[in-house]
Structure formats: structure tokens, C-alpha cells
Amino acid sequence: MPQPRKRATIREVAKATGLSPAAVSYALRGLQVSEETIERVRQAAAELGYEADPIARALASGRTGMIGLLCGSLEDLWQQALAVGIGRALKDNDRYALILDAAGDPARENTLARQLRDQRVDALIVQPVDPAAPLWAELCEGLPVVSIGDALAGARAAGEVVFDNRAGVTLALEHLRRRGHRRLAVLTSTRASTPDRPADVHVLAEAKRLDLDIEMVTASQSLGPATRVAGEMLDAGHRAFFCFADSIAYGVYAASAERKLGIPFEVSVMGYDDHPMSGLLTPGLTTVDWDIDGIVRAAVRIVVAAADGNTRRRRIVQAPQLRERGSVG
């Protein structure tokens, strides 16, 4: 029976490159040595099959290499895509994502955020359910935190990749109004227990400016519950929907099909995050695109710098684009 290959040591890499073990350690971490030395050491390490011992590295550096990623709700397909992108981008930066799901629950979010801190992650990325929670100010005192979507009220986060929700909401509502819709059902995952969310607040303000009759209803980002809520709204006579997640909009499609109501001729639907699946529907879902690839790049760049000790605070505002397809009649 073949014996398992013995892990190459840092001393073997040092011998192969003619450097000291300390210099090899610096080179593997990209610190204090030239680019040429870094490349030479990494090539030798790859040839020898050297892999850094994560436990030894954590003990030596005080870092675990783990970045916490706390998602608002992984029922939402867009957030699933975001988590996949961030996890892969962190791996490309020699970090590993520890991904947890708050399931849209502020209390669960609070508990999981504290657990990630206690597990000694090097930094935390969060797409907050409750951006106004006092928890964030406390966490940011001892842990680099980067928020996606909404700023963390009263907290000094290491960075923010926030959505220009005012612009996004305006794009959506003005598009619906131009198409002649004055009465709208707005489906949002925000719960009554969650404090004001910027996007929800902007809907009410813009509805008043545009003279729209708005009924705002809580809907899950899971297809079954979203379909049920959409069906109730259709049965109440609503025929135009603005959904704060494409995942919710899919429920409107399903509920309309159950009632043999055609989109867009009998029912109009608007989404808010441009999940890749939205372009495959018939008709394609008109939605608001936030450039998920750009969000991933920005969030990972900020969190890696913060985990490495860069104290410069970064705020990036994502501008939206209207993706007009065929779902608004």
C-alpha cells in the first residue's frame, strides 16, 4: 500500500532557494521581499508540494486566514451568487470564507455575527438584515467589518459597498409609471421587526412624488412563500408588482401562471437585482442591475486590505442600471 506523501517543510523550500526560512516565510506572504524573490519561492514551493500549515501560520501571525461572510438570506438566489463569487475571490487571495446564513432574521444575524467574531475570523463581510442594530458598532471596535448593500448605522466599519437605493428605486418606479402603472404592489423581504431599510423608505418617498398608490407587503425570497403572497395580491386585483429581489419576482411569475394571467399583457413585474436566471424567463424580467462582479471585487479588495492591517476606510457606492426586458407591459 503506498505511503502518504510527507508534507514538504519550509526548511526544504529555503534550501532549494538558498534563502533563510524567515525570508521564505515573508516571500510566501508577499512581505518585505522583491517580486522576483516572491516568484522564485512560490515556484519552488509548488514544485516541492509545500503547503503552509494553517494552524502554525495562525499561531505565528495571529491570523486564521478565515473571513466570515454573513448573508442576509441564502434563499435569495442573488445572495447565493454573491456568496459563491466572494468565496472564490477570497480563495484567490489565499483566504477562506466561512459562510453563514441569517435567514432574514435580525436576531439570528446578531447571534451568528457574534459567533463569527468568537471563532476569530480575521474580518467579516456582511449583507445586513438589520443595518441599524447596535451590534455593529460593538463588533467594529475589535474586528474589521465590511458591509454590502447598506451602511451600518453608528458603526465605524472598515469599508462599505453600498447600493444607491434612491437611484435604483427611482429607476424602477419611474419605469413602471411611464408604462402607465399607478397602483403597485411592492413585495419586500423586510420584516416588521426590522428597522427602516433605505430601499423601503425610498419607495414610500418616491411613490408620493410620483403620485403612486403603493401597497407594501412582506414576501419571502423562497419561491413557495413568494408565490403564495403574490397569489394573494393578484386575487386582490393587483396587476403591477415591484419586487425587492428577483427571487420574489419569480413568485409573481409562478402565481400568474397558476391563474393563467399573461406577463406582461395582464400582469407587469419588476425585479431589483438582475440574477442571471432573470434573462432566461419568458418574458425576461425587467430589473435593476447592481453589477454583482464589481461588488465582489470591491468587497474582497477592501476586506483583504483590512485583514492585513490597512486602517484606511473605504466607501464604494454602486450605481444601478435598468435592465429592460419584457416583463412590464
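Contacts that reach far along the sequence make up much of the picture in this predicted model. Taking contacts between residues at least 6 apart in sequence, 68% join residues at least 24 apart. The chain that makes them has 329 residues, and 48% of these count as buried. DSSP-style bookkeeping gives 12 helices and 12 strands. Along its principal axes, the C-alpha trace spans about 75 × 45 × 35 Å. As for the outside, the accessible surface comes to about 16200 Å², with 51% of that area belonging to carbon and sulfur atoms.

One helix pair is worth a look of its own. Two packed helices are described by the angle between their axes and the distance between the axes. Here the pair is α5, covering residues 77-92, and α12, covering residues 292-307; their axes come within 9 Å and cross at roughly 45°. That angle makes α5 oblique to α12, and the crossing of the two is right-handed. On the α5 side, the contact is made by W78, A81, L82, G85, I86, A89 and L90. Facing them from α12 are I292, I295, V296, V300, V303 and V304. Sorted by type, the residues of this contact come out as 12 nonpolar, one polar and no charged. Because Gly is counted among the polar residues, G85 is the polar one here.

Moving on to the backbone, two peptide bonds ahead of prolines turn up as cis. One joins I263 and P264, with omega at about 10°. P264 sits in the loop that runs between α11 (246-258) and β9 (268-270). The other cis bond links T282 to P283, and its omega is about -5°. P283 belongs to the loop between β9 and β10 (287-289), so β9 borders both of these proline-bearing loops.

Positive phi values show up at a pair of aspartates. For D211, phi is near 60°, a positive value in a residue other than glycine. This aspartate is found in the loop between α9 (198-210) and β7 (213-218). D211 counts as exposed because its relative accessibility is 62%, past the 50% cut-off. D291 also has a positive phi, about 60°, although it is not a glycine. Its place is in the loop between β10 and α12, the latter being the helix that crosses α5. With a relative accessibility of 36%, D291 counts as partly exposed, falling between the 20% and 50% limits.

Conventions: Residues are numbered from 1 along each chain as its sequence is written. This is a predicted model: local features need pLDDT of at least 70, side-chain atom pairs count only at pLDDT 80 or more; totals for chains, interfaces and linings use all residues. Side-chain values use heavy atoms; hydrogens and water are left out. Axes are lines fitted to C-alpha atoms, for helices over the stretch in contact, and angles run from 0 to 180 degrees between N-to-C directions. Helices (H or I, at least four residues) and strands (E, at least two) are DSSP runs, numbered from the N terminus. Angles under 35 degrees count as roughly parallel, over 145 as roughly antiparallel, 65 to 115 as roughly perpendicular and the rest as oblique. A crossing is left-handed if the near helix is turned anticlockwise from the far one by less than a right angle, and right-handed if clockwise. Contact means heavy atoms within 4.5 Å. Buried means under 20% relative accessible area, exposed over 50%, partly exposed in between (1.4 Å probe, protein chains only). Accessible areas come from the Shrake-Rupley method with a 1.4 Å probe; for residues, only the protein chains shown count as cover.
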